[in-house]
Amino acid sequence: MTRHHEAEAQLQRRYYRDIAEDYERDHVGIDDEHRKSLDYTSFFIDWLGAKTVLDVGMGTGRGARHFKQRNPDVRIVGLDPVEDLVRISRREGLDAGEAVT
């Protein structure tokens, strides 16, 4: 990674670290487009017979938690480089093997 890209990545990590606690309150609605896409994705997970789901950039783990609930026989792993977001995802119901940095 170039110095420029590393600086951009650090800026983004700082931003998400700073807003982590308020992210879902500020950006998530009950029937927002993200929820609809999670429902569609859950359908395709079942339809395809997927055994694992990797959620890269999982943030607070909303998607991974949705898949864990809707697709209980599927192994879910969420990955995010921001430890504060991973901590929230664990607090909200993902275990250490499901939410990683």
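A residue counts as buried under 20% relative accessible area, as exposed over 50%, and as partly exposed in between. This scale is applied here to a predicted model, beginning with its aromatic residues.

Tyrosine 16 has a relative accessible area of 26%, and is therefore partly exposed. Tyrosine 15, with a relative accessible area of 43%, is likewise partly exposed. The structure holds three aromatic pairs, and one of them is formed by these two tyrosines. A pair of aromatic rings is described by the distance of the centres and the angle of the planes. For tyrosine 15 and tyrosine 16, the centres lie 4.9 Å apart and the planes stand at 75 degrees, an edge-to-face arrangement.

Another aromatic pair joins phenylalanine 44 to tryptophan 47, with 5.9 Å from centre to centre and 80 degrees between the planes. Since planes over 60 degrees apart count as edge-to-face, the pair of phenylalanine 44 and tryptophan 47 is assigned to that class. Both residues belong to helix α3, where they are three residues apart, so about one helical turn separates them. Their accessibilities can be set side by side: phenylalanine 44 is partly exposed, at a relative accessible area of 41%, whereas tryptophan 47 reaches 60% and therefore counts as exposed. Phe44 and Trp47 are also members of a cluster, linked by ring pairs, that includes Phe43.

Helix α3 spans residues 33-48, and the account now turns to a residue outside this helix. Asparagine 71 lies in the loop that runs between α4 and β2. Is asparagine 71 buried or exposed? Its relative accessibility is 1%, and asparagine 71 therefore counts as buried. The side chain of asparagine 71 takes part in a polar contact of 3.1 Å with the side chain of serine 42. A further polar contact, of 2.9 Å, connects the side chain of asparagine 71 with that of aspartate 46. When residues up to four places away in sequence are not counted, asparagine 71 touches Ser42, Ile45 and Asp46.

The helix on one side of that loop is α4, which comprises residues 62-70. Which residues of α4 are buried? They are Arg62, Gly63, Ala64, Arg65, His66 and Phe67. The buried residues of α4 pack against three helices, namely α2 (23-27), α3 (33-48) and α5 (83-91), and against the strands β1 (52-56) and β2 (75-79). Helix α3 thus appears twice in this description: it carries the pair of phenylalanine 44 and tryptophan 47, and it is among the elements against which the buried residues of α4 pack.

Note on methods. Residues numbered from 1 in each chain as written. Predicted model: local features only at pLDDT ≥ 70, side-chain atom pairs only at ≥ 80, totals over all residues. Heavy atoms only, no water. Buried < 20%, exposed > 50% of the residue type's maximum accessible area, 1.4 Å probe, protein only. Helix = DSSP H or I, 4+ residues; strand = E, 2+ residues; numbered from the N terminus. Contact = heavy atoms within 4.5 Å. Phe/Tyr/Trp six-rings, centres within 6.5 Å; stacked < 30°, edge-to-face > 60°. Polar contact = N/O pair within 3.5 Å; in protein donor to acceptor, adjacent residues only side chain to side chain.
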